[in-house]
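Dear colleague,

Here is the structure I said I would pass on. My notes on it follow below the model.

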Amino acid sequence: MNENIMEKIVSLCKRRGFIFPGSEIYGGLAGTYDYGPVGSHLKQNVRDQWRYTMTHMHDNIVEVDASILMERKVWDASGHTSAGFTDPLQECKKCHKRWRADHLTEEGKTKCPECGGALTETKRFNLLVKTHLGPVEDDSTLTYLRGETTQGIYVNFASVVETMRMRIPFGIAQVGKAFRNEITPGHFTYRMREFEQMEMQFFVHHSEADKWFVYWRQERMKWYVDLGINPDHLRFRPHEKSELAHYAKAAEDIEYLFPFGWHEIEGIHNRGDWDLSRHSQFSGQDLSYQDEKTGEKFIPYIIETSAGADRATLAFIIDAYEEVEGGRTTTTKSVKEIETVLRFDRRLAPIKVAVLPLSKKDALIALAQDVAQMLRKNWIIQYDEAGSIGRRYRRQDEIGTPYCVTVDFESLEDKKVTVRDRDTMKQERVVVAELKQYLQEKFSL
Ligand code: ATP
């Protein structure tokens, strides 16, 4: 894998409706991307799978959906607004572009990588995106778009414990947008200014924190492997003591081997009792927890699993990407071409079944539309009648559709259709009346 693959993936994502540059008709807005119709389904499936594993399968994990706008003091309590918490940056004196000091090479620490201008000393800049709420734009109305979803969980900790009668150990999960004024957005959707997180905070007694940290790091690694990522493309990277946030007791990243190198897709952190202690202090509300059995009152420790929905989606796309030299379809025209297939796990595939009438004859179209309508109740379907059948198969391979159902002239006679499997390329004739059950069995494998 190399950077060239990345270019191909970016182009495939645009061509096939996965991901478009943000505000593209205005020349684009750096650090933003929009998911197209196919990409939205894919990302939704990633979220759904995360929810399925984290909340649906754990009766002690519940979900919240907190506001993106939060009381400004939240960010004082979290430490985001204080010096020493934000990223170290160097600014170019000429073009005023800011660079992450820890991302610059040794020789690049004095000169701007873009224009060659001199760089300032390292300073710390706050990455929170500012906005104003209310009629006047002064310091009194300043607030921030949330920089991480985590804080929306902490501010609801007491309400969730009370309303849901949660008993330690338990977790609160959240999926939602976060905003950071990233200095050097890049590598496609890897580093954006608006992105989405899938976070779970697991509240435990401090004596059990190490045990749960080990449990969650394993569980989270399993999630990626189970959804089809090659284990050789995944690794843990424990943080060095010097890298740990000042509150963190332990931290490990799950890294994925992107075409541009090993990079973090998720962090698992033992945050100690720092967060709830700080929020108790800043809000004046006691956020300690009382154990019903022992009577012990304490501030729980927190084990956090913090994944990025966009980074995970990108990793799933890259890992599913395969080029087949010489082509995989048997139509003579495309034999010598390289063909692309996205081998998504069936649960992640954005379009589950494509329905393709062999020709545009009315009778075929009518039957194909009936078949599509029948399947639509269970799955996301794409109905496509444009172009040769080989081209249509290729389009579906490029978006990773597991099954194509072709309606041909014989179908009118024998009421059977051809089902083509994306991976084996095998074709089977299936009776229309049994098609739904046939696919149900395939999808439950
Ligand atoms: P990095 O060091 O790459 O900036 P981080 O350590 O600051 O990341 P966290 O604050 O731990 O990231 O956020 C948890 C997860 O949120 C990351 O693992 C990543 O998947 C996602 N994430 C963070 N920042 C971004 C971003 N700018 N664009 C896309 N996803 C992001």
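In which loop is Pro169 found? Pro169 sits in the loop between helix 5 and strand 10. The peptide bond that leads into Pro169 from Ile168 is cis, and its omega is near 0°. Please keep in mind that this is a predicted model.

Overall picture

The protein chain holds 12 helices and 24 strands. Its C-alpha trace spans about 75 × 65 × 50 Å along the principal axes. Of the 445 residues in the chain, 51% are buried. The accessible surface of the chain is about 21,600 Å², and carbon and sulfur atoms contribute 50% of that. Among contacts with a separation of 6 or more, 63% join residues that are 24 or more positions apart.

The seven-stranded sheet

One open sheet has seven strands in the order 3-10-11-17-14-13-12, and its pairing is mixed. Strand 3 (61-63) and strand 12 (234-238) are the edge strands, each pairing on one side only. On average, neighbouring strands of this sheet are turned by 25° against each other, direction ignored. Within the sheet, strand 13 (residues 250-258) and strand 14 (residues 261-270) are antiparallel and share nine bridges. Tyr256 has His263 of strand 14 opposite.

Two helices pack on this sheet. Helix 5 (residues 157-164) touches strand 3, strand 10 (170-179) and strand 11 (194-204), and its direction makes about 140° with that of strand 10. Helix 6 touches strand 3, strand 11, strand 12, strand 13, strand 14 and strand 17 (301-308), and its direction is at about 145° to that of strand 14.

Helix 6 covers residues 209-226. At 1.5 Å a residue, its 18 residues should span 26 Å, and the end C-alpha atoms are 25 Å apart, so the two values agree. The buried residues of helix 6 are Ala209, Trp212, Phe213, Trp216, Arg217, Glu219, Arg220, Met221, Trp223 and Tyr224. Just after the helix, Gly228 takes a positive phi of about 105°.

Thr305 belongs to strand 17. Is Thr305 buried or exposed? Thr305 counts as buried because its relative accessible area is 0%, and the cut-off for buried is under 20%. Setting aside neighbours within four places in sequence, its contacts are Met54, Met198, Glu199, Met200, Trp216, Arg220, Glu266, Gly267 and Ile268. Two of these residues, Trp216 and Arg220, are also among the buried residues of helix 6.

The five-stranded sheet

A further open sheet has five strands in the order 21-20-22-23-24, again with mixed pairing. The edges are strand 21 (381-383) and strand 24 (427-431), and each pairs on one side only. The twist from one strand to the next averages 25°. Strand 20 (residues 353-357) and strand 21 are parallel and share three bridges. Val353 stands opposite Ile381 in strand 21.

Helix 10 (residues 389-399) packs on this sheet and touches strand 20, strand 21, strand 22 (403-407), strand 23 (416-421) and strand 24. The direction of helix 10 makes about 170° with that of strand 20. Helix 12 (residues 432-443) also packs on the sheet, touching strand 20, strand 22, strand 23 and strand 24. The direction of helix 12 makes about 130° with that of strand 24.

Helix 12 has a helix partner as well: its axis and that of helix 9 (residues 362-376) come within 11 Å and cross at roughly 35°. The crossing is right-handed. Helix 9 brings Val371, Met374 and Leu375 to the contact, while helix 12 brings Val432, Leu435, Lys436 and Leu439.

Backbone points in loops

Which values of phi do Ser23 and His187 take? Ser23 has a positive phi of about 50° although it is not a glycine. Ser23 lies in the loop between strand 1 (19-21) and strand 2 (33-35), and it is partly exposed, with a relative accessible area of 36%. For His187, also a residue other than glycine, phi is positive and near 55°. His187 is in the loop between strand 10 and strand 11, and at 38% relative accessibility it counts as partly exposed.

Regards

Definitions and conventions:
Residues are numbered from 1 along each chain as its sequence is written. This is a predicted model: local features need pLDDT of at least 70, side-chain atom pairs count only at pLDDT 80 or more; totals for chains, interfaces and linings use all residues. Side-chain values use heavy atoms; hydrogens and water are left out. Helices (H or I, at least four residues) and strands (E, at least two) are DSSP runs, numbered from the N terminus. The expected span of a helix is 1.5 Å times one less than its number of residues. Buried means under 20% relative accessible area, exposed over 50%, partly exposed in between (1.4 Å probe, protein chains only). Two strands pair if DSSP finds at least two bridges between them. Axes are lines fitted to C-alpha atoms, for helices over the stretch in contact, and angles run from 0 to 180 degrees between N-to-C directions. Contact means heavy atoms within 4.5 Å. Accessible areas come from the Shrake-Rupley method with a 1.4 Å probe; for residues, only the protein chains shown count as cover. A crossing is left-handed if the near helix is turned anticlockwise from the far one by less than a right angle, and right-handed if clockwise.
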